[in-house]
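Let's take a walk through a protein chain together. Have the sequence and the 3D view ready, and follow along at your own pace.

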Amino acid sequence: MSQPDGSNIAEIDTEEFVHWVTVDFSKFGGRTKPNSGESMMRLMAEQCRSGVTTITSMPMHHKQKCCLSLPVVGDAELVPVHIMWRAAEIADWHWEEIMAGRETLDTKRILGDYPWWARIKINGA
């Protein structure tokens with residue numbers, strides 16, 4: 001996620017437990033890849049509400065391309081359905097921020113669509 005001027009928005013910094021909810025955008029069969037931040041956040045929210053996610057204690061978007069992880073702060077014992085529902089709400093909020101022009105999302109970097117020489121880092125990490 002970035003500010004409209006291109007500067008990165010820092011990832012969450014908290015002492016509380018964080019569940020990272022990841023959507024893998026390479027696992028959609030014949031579906032069209034999201035080509036904008038708006039469509040990526042819509043798809044992210046849809047996948048969270050459908051339960052088609054992975055929940056981990058670390059963000060996966062730094063380790064592999066074609067995925068995005070959203071942080072859900074809460075008790076370590078939260079039920080997965082609650083974690084995914086909260087992640088969907090967070091995706092909806094990011095969609096609103098993108099639509100309002102207060103945030104941008106580099107879908108080419110997330111999906112790995114940059115040329116080979118631009119892939120030195122995965123998703124900014």
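The report below starts with the whole chain and then visits its parts. Keep in mind that this is a predicted model.

**The whole chain**

The secondary structure consists of three helices and three strands. If you read along the sequence, they come in the pattern β-α-β-β-α-α. Of the chain's 125 residues, 37% count as buried. The surface that the chain exposes comes to about 7,500 Å², and carbon and sulfur atoms supply 54% of that area. Now look at the contacts whose partners have a separation of 6 or more: 75% of them are accounted for by residues 24 or more positions apart.

**Strand β1 and its neighbours**

How many of the residues of β1 are buried? The count is seven of seven, so the strand is mostly covered, with buried meaning under 20% relative accessible area. Both of its faces are covered. On one side sit Val18, Trp20, Thr22 and Asp24, and on the other His19, Val21 and Val23.

Strand β1 also has partners. It runs antiparallel to β3, and seven bridges join the two. In this pairing, Trp20 stands opposite Pro71 of β3. β1 runs antiparallel to β2 as well, with three bridges between them. Here Thr22 stands opposite Thr54 of β2.

Strand β3 holds another residue to look at, Val73. Is Val73 buried or partly exposed? Its relative accessibility is 33%, which is why Val73 counts as partly exposed. Val73 and Val18 are 55 residues apart in sequence, yet their C-alpha atoms are 4.5 Å apart in space. Leaving aside residues up to four places away in sequence, Val73 touches Ile12, Thr14, Glu16, Phe17 and Val18.

**Two helices side by side**

Here are the helices α1 and α2 in a small table.

| Helix | Number of residues | Distance between end C-alpha atoms | Expected span |
|---|---|---|---|
| α1 | 14 residues | 20 Å | 20 Å |
| α2 | 20 residues | 28 Å | 28 Å |

Why should α2 span 28 Å? The expected value follows from 1.5 Å a residue, and the distance between the ends of α2 agrees with it.

A helix has sides, too. An α-helix has 3.6 residues a turn, so residues three or four places apart point the same way. In α1, the buried residues are Gly37, Met40, Met41, Leu43, Met44, Ala45, Gln47 and Cys48. Their cover includes β1, β3, α2 and α3. Just after α1 comes Gly51, with a positive phi of about 85 degrees.

In α2, the buried residues include Ile83, Met84, Ala87, Ala88, Ile90 and Ala91. Asp92, His94, Glu97 and Ile98 of α2 are buried as well. Which elements do the buried residues of α2 pack against? They pack against β1, α1, β2 and β3. Just after α2, Gly101 takes a positive phi of about 80 degrees.

**A pocket to find**

Rolling a probe the size of a water molecule over the atoms shows where empty space is left. The second largest pocket has a volume of about 160 Å³. It is lined by 11 residues, and the closest to its centre are Thr22, Val23, Asp24, Lys27 and Thr54. Strand β1 gives the largest share of this lining, three residues. You have met Thr22 already, as the residue opposite Thr54 of β2.

Technical notes. Residues numbered from 1 in each chain as written. Predicted model: local features only at pLDDT ≥ 70, side-chain atom pairs only at ≥ 80, totals over all residues. Heavy atoms only, no water. Helix = DSSP H or I, 4+ residues; strand = E, 2+ residues; numbered from the N terminus. Expected span 1.5 Å × (residues − 1). Buried < 20%, exposed > 50% of the residue type's maximum accessible area, 1.4 Å probe, protein only. Contact = heavy atoms within 4.5 Å. Pairing = 2+ DSSP bridges. Areas by Shrake-Rupley, 256 points an atom, 1.4 Å probe, with all protein chains shown as cover. 1 Å grid on protein atoms, 1.4 Å probe; cavity = no way out; pocket = protein on both sides within 12 Å on 5 of 7 lines; lining within 4 Å. Points joined across faces, edges and corners; volume = space filled by probe spheres on them.
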